[in-house]
Amino acid sequence: QWNWDVIGTLLKSPRITMRKLEETSTTKFAKRLCYFYKPSSQLFSTIELTHENVQKYSSVGSQLMHFVLTGDEGVKYLTDIILEIKENFAKICDSGSTDSSSSSHRQETFSSYAVAHTMTRDYFLFVGHLSSNLAGIELLKKTNIFNYFLLLCDQVRRRDINRLLLTSLDYSQDALCR
């Protein structure tokens, strides 16, 4: 059991940065937190939207996206998360069949069921936060996820994902998001 209020406060604190954690060799905190948010861990992504702490998980996840961008080790952790999201997007783009609500499809991270009922939908929010600053945009470019954004927008059968993607990105930066 983690104290999500304290974690949120730590991530917002100007006195604590990822770079400072790296200098003191105490990156285990950020590494464990990033692991919680990785799609493959199925910790964050499987939490039902009816859970009492969804707002805290979402808020801390958004803060984490910006926090880890301040250090090299943090960028590695965040790159792993973005690459996993991209892999899941690739599954959607490569899938020839329509999404179904069968139990095997429900277990996929970005299934229609998961997007509608679990914290999976917040991955779009996190990507949107990254698209709002230059360091985040560089990370998104480096992971080549923008290509999948375009492919996902062509997915007529997944309008849920189209809507989330289009409403989450920040279009104020002169970048590939536009």
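Let me begin with a cut-off: a residue counts as buried when its relative accessible area is under 20%, as exposed when that area is over 50%, and as partly exposed in between. By that rule W4, with a relative accessibility of 9%, is buried, whereas W2, at 39%, counts as partly exposed. What you have in front of you is a predicted model, and I will come back to how confident the predictor is in its parts.

First, the overall picture. The chain has 11 helices and zero strands, so that, read along the sequence, its pattern is simply α-α-α-α-α-α-α-α-α-α-α. Of its 178 residues, 44% count as buried, and the area that the chain exposes comes to about 9,600 Å², of which carbon and sulfur atoms supply 51%. If we take the contacts with a sequence separation of 6 or more, 71% of them are between residues that lie 24 or more positions apart.

Now to the confidence. The pLDDT averages 86 over the chain, and 90% of the residues score at least 70. The stretch to treat with caution is residues 97-103, where the pLDDT is below 50, although the model does give this stretch 10 contacts beyond near neighbours in sequence. Where pLDDT is low, the predicted coordinates should not be read in detail, and I will therefore leave the individual contacts of such a stretch aside.

Let us turn to the interior. In soluble globular proteins, nonpolar side chains tend to be buried together. Here the largest nonpolar core has 45 residues, and the members that touch the most other members are Y37, L78, I82, I85, F89 and F110. Helix 5, which covers residues 72-94, gives this core its largest share, eight residues. Which residues does F89 touch, once those up to four places away in sequence are not counted? They are F110, F124, I145, Y148, F149 and L152.

Helix 5 also holds a residue of another kind, E84. Is E84 buried or exposed? At 12% relative accessibility E84 is buried, because that value falls under the 20% cut-off. Leaving aside neighbours within four places in sequence, E84 is in contact with K38, P39 and S40.

A second place to look is the start of the chain, where I7 sits in helix 1, residues 4-12. I7 has a relative accessible area of 8% and is therefore buried. Apart from residues up to four places away in sequence, I7 touches W2, F29, L33 and V60. With V60, the C-alpha to C-alpha distance is 7.2 Å, although 53 residues of sequence lie between the two positions as a separation.

The aromatic side chains deserve a few words of their own, with 19 aromatic pairs counted in the model. In the pair of W2 and W4, the ring centres are 5.4 Å apart and the planes stand at 50°, so the pair is tilted. F36 and Y57 form another tilted pair, with 5.8 Å from centre to centre and 55° between the planes. Because F36 lies in helix 3, residues 28-37, and Y57 in helix 4, this pair ties together parts that are 21 residues apart in sequence. Both F36 and Y57 are buried.

Helix 4, residues 54-68, also contains S62, which is buried, with a relative accessible area of 10%. What does the side chain of S62 make a polar contact with? The partner is the side chain of H129, at 3.1 Å. Beyond the neighbours within four places in sequence, S62 is in contact with L125 and F126 as well as H129.

Finally, two points on the backbone. Most residues other than glycine have a negative phi. Q42, which is not a glycine, nevertheless has a positive phi of about 55°; Q42 is placed in the loop between helix 3 and helix 4, and with a relative accessible area of 44% it is partly exposed. N144 is another residue other than glycine with a positive phi, in this case near 65°. The place of N144 is the loop between helix 9, residues 134-142, and helix 10, residues 146-153, and at 38% relative accessibility N144 counts as partly exposed.

Key. Residues are numbered from 1 along each chain as its sequence is written. This is a predicted model: local features need pLDDT of at least 70, side-chain atom pairs count only at pLDDT 80 or more; totals for chains, interfaces and linings use all residues. Side-chain values use heavy atoms; hydrogens and water are left out. A nonpolar core is a set of buried Ala, Val, Leu, Ile, Met, Phe, Trp, Tyr and Cys residues joined through side-chain atoms within 4.5 Å. Buried means under 20% relative accessible area, exposed over 50%, partly exposed in between (1.4 Å probe, protein chains only). Helices (H or I, at least four residues) and strands (E, at least two) are DSSP runs, numbered from the N terminus. Contact means heavy atoms within 4.5 Å. A polar contact is a pair of N or O atoms within 3.5 Å; within protein, one must be able to donate a hydrogen and the other to accept it, and residues adjacent in sequence count only if both atoms are side-chain atoms. pLDDT is the predictor's confidence in each residue, from 0 to 100. Rings of Phe, Tyr and Trp (its six-membered ring) pair if their centres lie within 6.5 Å; planes under 30 degrees apart count as stacked, over 60 as edge-to-face and the rest as tilted. Accessible areas come from the Shrake-Rupley method with a 1.4 Å probe; for residues, only the protein chains shown count as cover.
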